[in-house]
Amino acid sequence: MNRLSGKPINKYPYLFIAPAVILLVIFFIIPIIIAFGVSFTDMDLKGLANLSNVSFVGLENYTDLFSDEKFLKSIYNTAFYVVIGVPLVIISSLSVALMLNYGSNWLFRTFRGVYYMPSITNIVAIAVIWGYLYNTDYGLLNYILSLISIDKIPWLQEPTIAKISLIILAVWKGIGINMIIFLAALQGIPKSYYEAAEMDGANRIQILFNVTLPLLRYATFFVTVTTLIGWMQFFEEPFVMTDGGPLNGTLSVALFIYKEGFQFSEFGYAAAASFVLFIMIIIVTLVQFKFSKSE
Amino acid sequence: MKKLLVLMSMMVLSLALVACSGGDEGESADGEKTLKVWAMGEEGKKLKDFVKDFEENNPKITVDVQAIPWGKAHDKLLTAVASGNGPDVLQIGTTWVPEFAEAGAFKDLSEYMDDYESFNKDNFFDGSVSTMKYNDQVVGVPWYVDTRVMYYRTDLLKEAGFDQAPDTWSELKDAAKKLADRGEGQYGIDIDRNDQINPFIFAWQNGYEADLANKDLNFESPEFKEAMEYYVSYFEQGLSQKEKGGDIIQGFKTGKKPIFFSGPWMIDIIQDKAPGIEGKWATAVMPKKESRTSSMGGSNLAVFHNTDKVDASLKFISYMTQVDTQLDWLETSNTLPSRTEAWEDSALKDDPMYETFGKQLEQTKPGIQTEQFERIAQELLATLEKVVVGDADLEKELEKFNKEAQELITED
């Protein structure tokens, strides 16, 4: 009851969050800080073996990056992926969720599973199968097209078409997880809203745009943010399918970083590139939060 | 991106943790030693059983072989270099030697060279000897070798009027033209555009040579340019398929791609997957321009820089490079012996497939011995891709490539 001595500090909340914070600091915060430091050095394999071989190069890695044709191309490619891929994923997963929400018998339940499958399939298996589908000479896609006498499409051999091919693959793979989120949100919308709308004589389209979509606002926001971040780090698909080719046409920023770091052992340069990407992601995410707040 | 960031800095972190490791000496009271050996791919798996014989002869040494898939090997070695926590003996692909030698991953074996007669340079092919050294250190001993030769369909070449394999550049071109003329979808020769060593093979055959002592890669030399023109011409004249088409085995089987260059591993694969063309194909040494040079590949055995079991390690390497062991290993793994003496054995000499390799191995060069080779080779492939697929001008692109490569090599 002695107010002058102040409240004793309650240590229990800190004890509870300590494990999470310590893990976060050791495995995320410290590495990020170290990587930030590394990005100002010429760290390579030699430097890794013996730290005395590392020297400070200031902003050189960063200035080099922005005059590196390959890096600029990877930024362009990543923008291409994001601008086309993200809306496509959101629209398709939302449509699939809306359709699957119409019923709940075994057919709908089966298709929920079917649409979710790609998300949990191993990327290497996917790469093998899609590699066959996309093969110019004997791929299934070109075979089907040849039946309706359409010429061979070089699915993975022409820079722009290859980007689109990878987007198709990534959308196919990305629908599942987002569909589940949308489905959960859809099932959380109280039936009474629909009943009220029907009673007011609203048709299906009106119900969709005036009831369902506004009530899915939070789910949509969540899906948009996570999908956007995921697509800015677009990596697996070009890594397993094209290795960045043809003519660096499918090289994404993340793949560029991987190649610089682990193929050519230029850790300093790769760390600088990953910081550029890190900052781009933060900016894009902040802009999104800003927009959603102003609504 | 965070994942990569984290991975990268974990490697740096692990440096700091080196001090905490140790203690694992692998040596028990009575002087028994466990030798840690890293081997890659299929060889790694097969080596596990293969070392039993060595263990019997050296009861005090136990060999612990760890098989590492090729795809993971580079990362694994990086981590070992960063942490200083490596094996005692490791297999190292010849193209990786300069990169890891530069980082100090290997023990300098110069002082032990006279102690084991099987380490003698005269035992190996000329192409291998240059992979043993880095600057003035001896960093490894050739374990097995491979090289590229020409695989061709004897029946189809006969139809095209060639009783023997094309022997020169112009004959090869001629044959390719005749074979490609067979009709739509038929090609003359298959050139894998992702194969880094292929452009260099052509360049070497045309008399190209890098001058590393003066840090001059000579990519501007007429020999190099001409070889690249030759390479590109196969695609421009439709003699080789530009786009990634079917699997080469399929192409070889159906005859769509009746000639290609590849290593010894293809013999088994063709026999396995295309038994139908048995007797209708053969191997031949590379066609000649100035020379018949092909690439020297394969793996060396090296000792990790901070091992404390040097004697046991060297004993093991010495065992693996004995002629008898190498012939046994040939039977086990189908990889080619690095010891020239082994090639005198009838198992190799009297087999027409292997005989070709024996001849070709005498005219080989390893990739340019600089730690930047991987990067330079990738840049060259990208440059050629621009010309073949992107219709860029070869002359201009080569100039750009030369500038970049030259910068890479003079950087350090």
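At what angle do helix α13 of chain A and helix α4 of chain B pack? Let's find out in the viewer.

This is a predicted model, where local features need pLDDT of at least 70, side-chain atom pairs count only at pLDDT 80 or more, and totals for chains, interfaces and linings use all residues. Residues are numbered from 1 along each chain as its sequence is written, chains are lettered from A and ligands numbered from 1 in the order in which they are written, and side-chain values use heavy atoms, leaving out hydrogens and water.

**Stop 1: two helices.** Select residues 253–263 of chain A (α13) and 70–83 of chain B (α4): they pack at about 60°, with axes 11 Å apart. Helices here are DSSP runs (H or I, at least four residues), numbered from the N terminus, and axes are lines fitted to C-alpha atoms over the stretch in contact, with angles from 0 to 180 degrees between N-to-C directions. That angle makes α13(A) oblique to α4(B), a word for angles outside the ranges under 35, 65 to 115 and over 145 degrees.

Now show A:Y258, A:F262 and A:Q263 with B:H74, B:D75 and B:L78, which make the contact (heavy atoms within 4.5 Å).

**Stop 2: a salt bridge.** Select A:E260 and B:R375, whose side chains meet in a salt bridge at 2.7 Å, N to O. The term needs a side-chain nitrogen of Lys or Arg within 4 Å of a carboxyl oxygen of Asp or Glu. The rule finds one across this interface.

**Stop 3: chain B's side.** Colour α1 (2–17), α4, α5 (97–102) and α17 (373–388) of chain B; each supplies at least two residues touching chain A. The largest share, 12 residues, comes from α1(B).
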